[in-house]
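Trainee: I've got a new structure open and no idea where to begin. Can we walk through it together?
Mentor: Sure, bring it up and ask away.

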Amino acid sequence: MTRVALITGASRGIGRAIALRLAKEGYAVAINYHQNEKAAVSAGEVLTAFGKEGMLCRADVTRENAVREMVRAVEMRLGPIDLLVNNAGIAEQVLFTDLTAMQWKKMMDVHVNGAFYTSSAVLPSMIRRKSGCIINIASMWGQTGASCEVHYSTAKAALIGMTKALAKEVGPSGIRVNCVSPGAIETDMMAGFTAEDKAAIAEETPLCRLGKPEEIAAAVAFLASDDASFITGQVLAPNGGLVI
Ligand code: NAP
């Protein structure tokens, strides 16, 4: 039977690469996005070109009801969800002393509350079927902390904590929960960085370069696969050695 994956924030960047990789692995893929319909349609067209089943689902992951409706729509169209990838994310650089409560809340809403809403919506069916997999996309900054990104680092650290605790709780139900914690990856999220900034990051990185979205997708595909059947509650960190 075709396995079904829901990937949040799959219109662009890392999420899009995950969607394409999972489609190649044989999954029917639901591509969630928030605003960029053009990018989502383009990702969907690539899936169709592979001859793979898929669907686009617009939903803001910060809205619990929208997430529940999205999960219901995916289950109706593609079947029960076997794999959830919590990838949707935003980034922002701001001094902690300039950070507003609204900026703080939005960061937590997208990364932490979003992952809570999606996971709560898919888990009842996974628990009934005694099978399923959740992969959270964190960040090396959630492991080490980034100056001027305290809210982002906090949200990503929370995702790592959620991964570990949820893995313990749902492991007995046959569900694995893991985390992929990327280093600096060339996507729109890095659009604000100058060529000099990127060169400086590459210089600090033992593998001497930034990562590619496809390299994060490969880590997700591994953790989702049967090769990772005894791995749960772990943080896999494709970061070129920047954080060891
Ligand atoms: P990106 O290119 O900016 O793409 C972000 C994606 O998230 C888009 O698909 C966007 O949808 C979606 N999104 C944003 N807010 C959303 C919301 N409220 N509801 C639903 N979808 C939403 O970012 P990326 O670099 O691929 O990052 C993907 C994940 O990896 C994020 O969690 C990020 O924190 C993490 N990460 C990235 C890096 C990096 O260096 N790039 C490093 C470590 C971790 P629209 O297209 O509709 O806007």
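Mentor: One term before we start. Accessible areas here come from the Shrake-Rupley method with a 1.4 Å probe. Also, keep in mind that this is a predicted model.

Trainee: Okay. So how much area does the protein chain expose, and what share do carbon and sulfur atoms supply?
Mentor: The protein chain exposes about 11800 Å². Carbon and sulfur atoms supply 55% of that.

Trainee: And what share of the residues is buried?
Mentor: Buried residues make up 49% of the 244 in the chain.

Trainee: How many helices and strands are there?
Mentor: The chain has eight helices and seven strands. Its radius of gyration is 17 Å, and the globule rule gives 18 Å for 244 residues. Those values are close, so the chain is as compact as a globular protein of that length.

Trainee: What box do the C-alpha atoms fill?
Mentor: Roughly 50 × 40 × 35 Å, taken along the principal axes.

Trainee: What about contacts? What share comes from residues 24 or more positions apart?
Mentor: Take the contacts with a separation of 6 or more. Of those, 72% join residues 24 or more positions apart.

Trainee: Switching to charges. How many positive and negative ones are there, and how far apart are their mean positions?
Mentor: There are 24 positive and 24 negative charges. Their mean positions are 7 Å apart.

Trainee: I spotted some cysteines. How many disulfides does the structure hold?
Mentor: Zero.

Trainee: Why is there no bond from Cys 57?
Mentor: Distance. The closest cysteine sulfur is in Cys 133, and it is 18 Å from the sulfur of Cys 57, so that is too far for a bond. A disulfide needs the two sulfur atoms within 2.5 Å.

Trainee: Are Cys 57 and Cys 148 buried, exposed or partly exposed?
Mentor: Cys 57 is buried, at 6% relative accessibility. Cys 148 is partly exposed, at 28%.

Trainee: Then where is Cys 208?
Mentor: Cys 208 sits in the loop between α7 (195-204) and α8. With a relative accessible area of 58%, Cys 208 is exposed. Check its backbone too: phi is near 60°, a positive value in a residue other than glycine.

Trainee: Why point that out?
Mentor: Because most residues other than glycine have a negative phi.

Trainee: Where does Lys 130 fit in?
Mentor: Look in the loop between α4 (101-129) and β5 (132-137). Lys 130 is not a glycine, yet it has a positive phi of about 55°. Lys 130 also counts as exposed, at 54% relative accessibility.

Trainee: There's a proline at 124. Which element holds Pro 124?
Mentor: Helix α4. Pro 124 is partly exposed, at 41% relative accessibility. Its C-alpha is 21 Å from that of Ile 160, and the two are 36 residues apart in sequence.

Trainee: On to serines. Is Ser 11 buried or exposed?
Mentor: Ser 11 is buried, with a relative accessible area of 8%. It lies in the loop between β1 (4-7) and α1 (13-24).

Trainee: What does Ser 11 contact, leaving aside neighbours within four places in sequence?
Mentor: Its contacts include Arg 16, Ile 31, Asn 32 and Tyr 33. Asn 36, Ala 39, Ala 40 and Ala 43 are in contact with Ser 11 as well.

Trainee: And Ser 229, buried or exposed?
Mentor: Exposed, with a relative accessible area of 54%. Ser 229 is in the loop between α8 (213-224) and β7 (235-236). In space, Ser 229 and Cys 133 are 9.9 Å apart, C-alpha to C-alpha, while in sequence they are 96 residues apart.

Trainee: Last one. Where is Asn 87?
Mentor: In the loop between β4 (83-86) and α4. Asn 87 counts as buried, at 10% relative accessibility.

Trainee: Which residues does Asn 87 touch, not counting those up to four places away?
Mentor: Among them are Ile 7, Thr 8 and Gly 9. Asn 87 also touches Ile 14, Gly 15, Ile 18 and Ile 137. For Thr 62, 25 residues away along the chain, the C-alpha separation from Asn 87 is 13 Å.

How values were computed: Residues are numbered from 1 along each chain as its sequence is written. This is a predicted model: local features need pLDDT of at least 70, side-chain atom pairs count only at pLDDT 80 or more; totals for chains, interfaces and linings use all residues. Side-chain values use heavy atoms; hydrogens and water are left out. Helices (H or I, at least four residues) and strands (E, at least two) are DSSP runs, numbered from the N terminus. The radius of gyration is taken over C-alpha atoms; the globule rule is 2.2 Å times the number of residues to the power 0.38. Buried means under 20% relative accessible area, exposed over 50%, partly exposed in between (1.4 Å probe, protein chains only). Contact means heavy atoms within 4.5 Å. Lys and Arg count as positive and Asp and Glu as negative; His and the chain ends are not counted. The place of a charge is taken as NZ of Lys, CZ of Arg, CG of Asp or CD of Glu.
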